[in-house]
Amino acid sequence: MESFGVRLDRVTAARGPLCVGIDPHAGLLERWGLSNDVAGLTRFSETVVEALADRVAVFKPQSAFYEQFGSKGLAVLESIIRQLREAGALVLLDVKRGDIGSTVAAYAAAYLDPSSPLYVDAITASPFLGVGSLAPMFDLAAKNGGGVFVLALTSNPEGGSVQRAVAADGRTVAQTVIDEISQLNAGATPIGSMGLVVGATVGDTGHDLSRVNGPLLAPGLGAQGGTAQDLRTVFGSAIGSVLPSYSREVLGKGPEIAGLRAAADRALDDVRAALSAAS
Ligand SMILES: O=C(O)c1cc(=O)[nH]c(=O)n1[C@@H]1O[C@H](COP(=O)(O)O)[C@@H](O)[C@H]1O
């Protein structure tokens with residue numbers, strides 16, 4: 001099986017470096033004229049699939065918005081994961097999982113084992129029980145051509161108090177995460193399969209991202225105030241590995257198919273301009 005890094009490189013070369021988050025907030029459902037229930041969730045999700053599945057490289061459904069409707073919500077999630085993947089996109093499921101190693105192995109089986117109903121190309125993970133506790137995820141991802149995106153410097157204002165705390169060896173917690181993920185990606189070409197999450201809102205991080213050799217997911221664009229121009233400041237020389245991610249900024253332009261497509265095109269134009277200006 002080809003690695004996630006190889007597959008990501010190919011799909012972003014063909015479709016452009018863009019991730020669209022699928023976050024069916026109650027407020028968005030209302031704006032789209034949909035009910036805040038499973039029927040509304042289904043209609044919303046299928047409209048995003050119809051508008052964008054064949055043109056955007058990566059989709060990041062936010063699991064929480066599906067989980068809140070129980071098994072019926074998860075059935076919708078399973079269905080759109082399948083449709084997005086059949087349309088040639090990669091699915092990065094935003095679940096931010098993390099636990100002790102033996103439990104992490106079960107999360108890995110849930111999302112990164114091809115026989116699972118919720119199998120996806122990659123997931124988000126939380127490293128705050130120790131990056132090493134995520135090893136079963138890294139192992140299963142590597143075995144099956146999957147990816148794991150580990151939180152490093154998140155876009156929310158509260159993140160810094162934990163992530164920028166200085167550990168006993170003088171590095172910040174975030175730099176420790178960055179360094180451990182860098183080791184997992186060492187030597188991979190064209191890019192490794194273990195990613196990091198660094199928010200577009202965090203400014204000049206003061207952290208060294210130069211050796212990650214893996215994809216850098218940048219959420220926080222649009223609704224949270226980050227702009228494509230900010231990416232240069234945040235990522236510096238690592239900007240070539242950035243996967244910019246927009247949710248509400250694109251979804252807010254629905255429910256018309258044309259509106260969603262125009263918003264995704266605009267986002268891609270913005271990030272392309274920012275990434276090429278930097279190279
Ligand atoms: O892991 C993430 O995707 C994530 C990390 C982070 O630091 N900040 C962040 O906003 N996210 C997610 O990215 C999405 C942002 O949505 P918008 O603000 O609408 O673009 C949400 O699903 C968040 O859960």
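Colleague: How far is an oxygen atom of the ligand from an N or O atom in the side chain of Lys 96?
Modeller: The model is predicted, so local features need pLDDT of at least 70 and side-chain atom pairs count only at pLDDT 80 or more, whereas totals for chains, interfaces and linings use all residues. Residues are numbered from 1 along each chain as its sequence is written, and side-chain values use heavy atoms, without hydrogens and water. A polar contact here is a pair of N or O atoms within 3.5 Å. For Lys 96, the N or O atom of the side chain and the oxygen atom of the ligand are separated by 3.1 Å.

Colleague: In which strand is Lys 96 found?
Modeller: The backbone of Lys 96 deserves a note, as its phi is near 45 degrees, a positive value in a residue other than glycine. Strands are DSSP runs of E with at least two residues, and helices are runs of H or I with at least four, numbered from the N terminus. Lys 96 belongs to the strand covering residues 90-97, namely S3.

Colleague: What share of the area that the ligand exposes when taken alone does the protein bury?
Modeller: Other residues also approach the ligand: a polar side-chain atom of Lys 60 lies 2.8 Å from a ligand oxygen, and a polar backbone atom of Ser 247 is 3.0 Å from a ligand oxygen. Taken alone, the ligand exposes 510 Å², an accessible area from the Shrake-Rupley method with a 1.4 Å probe. Of this area, the protein buries 90%.

Colleague: Which of the 17 residues around the ligand come nearest?
Modeller: A residue is counted as near the ligand if one of its heavy atoms lies within 4 Å of it. Of the 17 residues around the ligand, those that come nearest are Asp 23, Lys 60, Ser 155, Gln 224 and Arg 248.

Colleague: What is the radius of gyration of the chain?
Modeller: The chain has 12 helices and 8 strands. The globule rule, 2.2 Å times the number of residues to the power 0.38, gives 19 Å for 279 residues; the chain's own value is close to this, so the chain is as compact as a globular protein of that length. Taken over C-alpha atoms, the radius of gyration is 18 Å.

Colleague: Between which elements is the loop that holds Pro 190?
Modeller: The peptide bond from Thr 189 to Pro 190 is cis, with omega near -5 degrees. The loop of Pro 190 runs between helix H9 (173-185) and strand S6 (194-198).

Colleague: What is the omega of the cis peptide bond from Gly 254 to Pro 255 near?
Modeller: Pro 255 is placed in the loop between helix H11 (248-251) and helix H12 (257-278). The cis bond that joins Gly 254 to Pro 255 has omega near 10 degrees.

Technical notes: A polar contact is a pair of N or O atoms within 3.5 Å; within protein, one must be able to donate a hydrogen and the other to accept it, and residues adjacent in sequence count only if both atoms are side-chain atoms.
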